[in-house]
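Hi,

Here is the structure I said I would pass on. Have a look at it first, then read my notes underneath.

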Amino acid sequence: MSLTLTVDGPRWRAHLEAVASANPGLVPVAKGNGYGFGLGRLARRAQWLRDRGHDVPALAVGTYEELDQVATRWSGDLLVLTPWRPWVALPGPTFGKRLIHTVSRLEDLRALLAADPRARIVVEHVTSMRRHGMTARELWEAGELLRKHPGARVEGLALHLPLAAGGHYSEVSRLITDAVGADVADLSTIWVSHLTGAELTRLRSEYGDFAVRPRIGTELWLGDRGALTVAATVIDVHPVARGEHFGYRGRSAPKDGHLLIVSGGTAHGIGLEAPTGEHSLRARAATIARGGLDAAGFVRSPYSIDGKQRLFAEPPHMQASMLFLPAGARVPAVGDPIDVRVRYTATAFDRVDITD
Amino acid sequence: MSTERPLTLRPITDDEHRAYLASLPGASFLQTPGWARVKPEWRSESVGWFGPDGIQYGAALVLHRQLPKIGRSLAYLPEGPVIDWTDDRLADWLDPLTTHLRRQGAFAVRIGPPVVVRRWSAAQVKEGIADDGVRLLSQVPPAERSAVGARVLSQLDELGWRHQGVEGGFAAGQPAFVFQVPLRTTDEAGEERPRTEDEVLKGMNQLWRRNIKKAVKSGVEVTRVATGTPEMTAALAEFHALYVHTARRDHFTPRPASYFTTMAEALGADDTDRFTLWLARHEDDLVAATIAIRVGEHAWYSYGASSTDKREVRGSNAVQWAMMRDALERGAAVYDLRGITETLNSEDPHVGLIQFKVGTGGEAVEYAGEWDLPLNRVLYKAFDLYMKRRG
């Protein structure tokens, strides 16, 4: 009776190992909803990779609040990706010396060193993404500050690059030069995401005196989509005639057919849309087309039956959705699974089944 | 050292220029007033930076390379300017320079910051050549990356200067990669002291040491000829004859004898110790001849020639060793064998030259390279295209 993610275990694990082998120094990212799997499961899986002998020195979480869910399931270092701010209370000894802070402002560096002179720190350099991070000159000042705090443990330089694949190399090279200017020996580990394999290879070749730690989330956990199947369950089926009323809002059926009540609602993230990253003309046209359907009262749902995507009969409920199936289509039975397309990073599954 | 701001720039006389350089431990010989006279086809000027206190803080030799027909020029500061490159406010230095040069009709400025970016030990270079997977020096992790050098690169980038890479851009000017033998060392107490002759010898590979010994045993004699001495004219003629012979053998175009006469006179006029000629003879035969240049603590091996006969007496090694000892004796900190290509590909014909230099046991050094600031984008682009086609 649930929205279920079924994982082809052997295939998924083989993919995880392939990514880990291709990326020595891999820092798996386990943040947010845990890419649909949940944070705890990802932490255990990261530990499994480490236990299998892969070079996985640290696990990255998004926020300090997420640490609790991974800390007992993973034994290596813990990196928090969101930069530390002075209002973030320093966690207690639960995480011990395993915790590495990201620091993106000079004033935060000063405050953190004052609060914990032995803090482990990754210094973030601002990239063309302009989200968090210090400028070159701020890095140089940070270098001066760090030289005055020999107890501080600098773990490296963090670079958060934009998503576009390829074409980052000259930027990375420039950013590393900026960091060399800070004159901190320990800035020689680069924590970086979103570089292509070719770019990482070049980085390792031209910066052999640096350690490279690729932070990988999506490509690691969701990189082999074929290993993942998502299914909802048909919970109820009702025939309706054209003009008959139904639902919370008393809508009327546009024609004869069936109403299907299926698992998955707003609580799972179904029917909630984030702006897509796509900005091609085609993608925008699709958005407009969806808006048109919406205006007419018919919204395309992510559920499909026999390969055909079906319309929402009304907006999704909290844990279930109501679909309209026009007459002539095969009517699934109660208890049947049906396909649903989801955005993994925005979906809370009721169950995750991993086959052995 | 603190510098008074704001800095202003004005043309200076040769004497002011010489006096300023003499107050420094060293500078590139390409930034000396004498060098301007070695390049008479380029209009030149000396400029100086001054603080409000009236004190001079920097100097530069600018060579103006005229564009045909247009009357505008590329202002070229080879291995310069001589300013405080450790300053985090390079704009304060470079802005007055570019303003001045724009008024002089420059469509672009090219500089070559004399700042080290990376260093590799001789052993690292040797390993790189031996490794088939390594084709470029950049692929070998350097022994050192300089923070000062990195800050210069970051700032030039920030200020809109364009790095002139080996590929693309104008034909390469001064080489970014050179090979140098440090003549000073740091002892356990952290004090810098000159290396002894013995230490320098021990740093060389076995082949070099053996060849130096062999030269002594065979009776090779090396003589030093200083500028302003009566022997110079004859020595230059001897050098040039051997150099033309070398050019024919090694397939390069020799410079005319007048180039070296001018060089000796022009550099010698700045300082009688600047230009020296070295001749290695075996019995009565000249087997090797070289030109050495020194500015303060920096000594260069500049041009060299060697005979095809009597290679077994190792005149080239003998003359290099003599120049190194002389540099040590005169208090130089660096013996500079000048450019190497970045390639470590064992099949590249240039690799032999690197191997010869690496044998001295010094280090490969990368300088910041040459950087351009276009002042007139249209002319700059046209010139860039012209140079690419020509190259």
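Below is what I found, starting with chain A as a whole and then moving to helices, the interface and two arginines.

One thing to keep in mind while you read: this is a predicted model.

**Chain A overall**

Chain A has 9 helices and 18 strands. Its C-alpha trace spans about 80 × 45 × 40 Å along the principal axes. Of the 356 residues in the chain, 49% are buried. If you take the contacts in chain A between residues at least 6 apart in sequence, 67% of them join residues at least 24 apart.

**Two helices of chain A**

I started with α1(A), residues 9–22. With 14 residues at 1.5 Å a residue, this helix should span 20 Å, and its end C-alpha atoms are indeed 20 Å apart, so the two agree. Which residues of α1(A) are buried? They are A:G9, A:W12, A:R13, A:H15, A:L16, A:E17, A:V19 and A:A20. Among the chain A elements they pack against are the strands β1 (4–7), β9 (211–216), β10 (228–240) and β18 (351–354), along with the helices α2 (39–51) and α8 (218–221).

Next is α5(A), which has 12 residues. Here the expected span is 16 Å at 1.5 Å a residue, and the end C-alpha atoms are 17 Å apart, which agrees. Its buried residues are A:A136, A:L139, A:W140, A:A142, A:G143, A:L145 and A:L146. The cover over them includes α4 (106–115), β6 (120–125), β7 (153–159) and α6 of chain A, and also α5 (147–158) of chain B. That last one leads on to the interface.

**Where chains A and B meet**

On the A side 15 residues are in contact with 16 residues of chain B. About 1300 Å² is buried between the two chains, and carbon and sulfur atoms give 51% of that area.

There are 3 salt bridges between chain A and chain B. One to look up is the pair A:R137 and B:E158, whose closest N and O atoms are 3.4 Å apart. Polar contacts across the interface come to 8 residue pairs, with both residues at pLDDT 80 or more.

Which elements of chain A give two or more residues to the side that touches chain B? These are α5 (136–147), α6 (169–180) and α7 (197–206). The most comes from α6(A), with 4 residues. By class, this side of chain A has 5 nonpolar, 4 polar and 6 charged residues.

**Two arginines in chain B**

B:R110 sits in strand β5 (residues 106–111) of chain B. Is B:R110 buried or exposed? Its relative accessibility is 6%, so B:R110 counts as buried, the cut-off being under 20%. Its side chain makes a polar contact of 2.9 Å with the side chain of B:D372.

B:R338 is in strand β16 (residues 334–339) of chain B. With a relative accessible area of 14%, B:R338 is buried too. Its side chain is joined to that of B:Q174 by a polar contact of 2.8 Å. Leaving out residues up to four places away in sequence, B:R338 touches a set of residues that includes B:F29, B:L30, B:E79, B:F177, B:W300, B:Y301 and B:K357.

Cheers

Definitions and conventions: Residues numbered from 1 in each chain as written. Chains lettered and ligands numbered in written order. Predicted model: local features only at pLDDT ≥ 70, side-chain atom pairs only at ≥ 80, totals over all residues. Heavy atoms only, no water. Contact = heavy atoms within 4.5 Å. Buried area = accessible area lost by both parts, 1.4 Å probe. Salt bridge = Lys/Arg side-chain N within 4 Å of Asp/Glu carboxyl O. Polar contact = N/O pair within 3.5 Å; in protein donor to acceptor, adjacent residues only side chain to side chain. Nonpolar A, V, L, I, M, F, W, Y, C, P; charged D, E, K, R; others polar. Expected span 1.5 Å × (residues − 1). Buried < 20%, exposed > 50% of the residue type's maximum accessible area, 1.4 Å probe, protein only.
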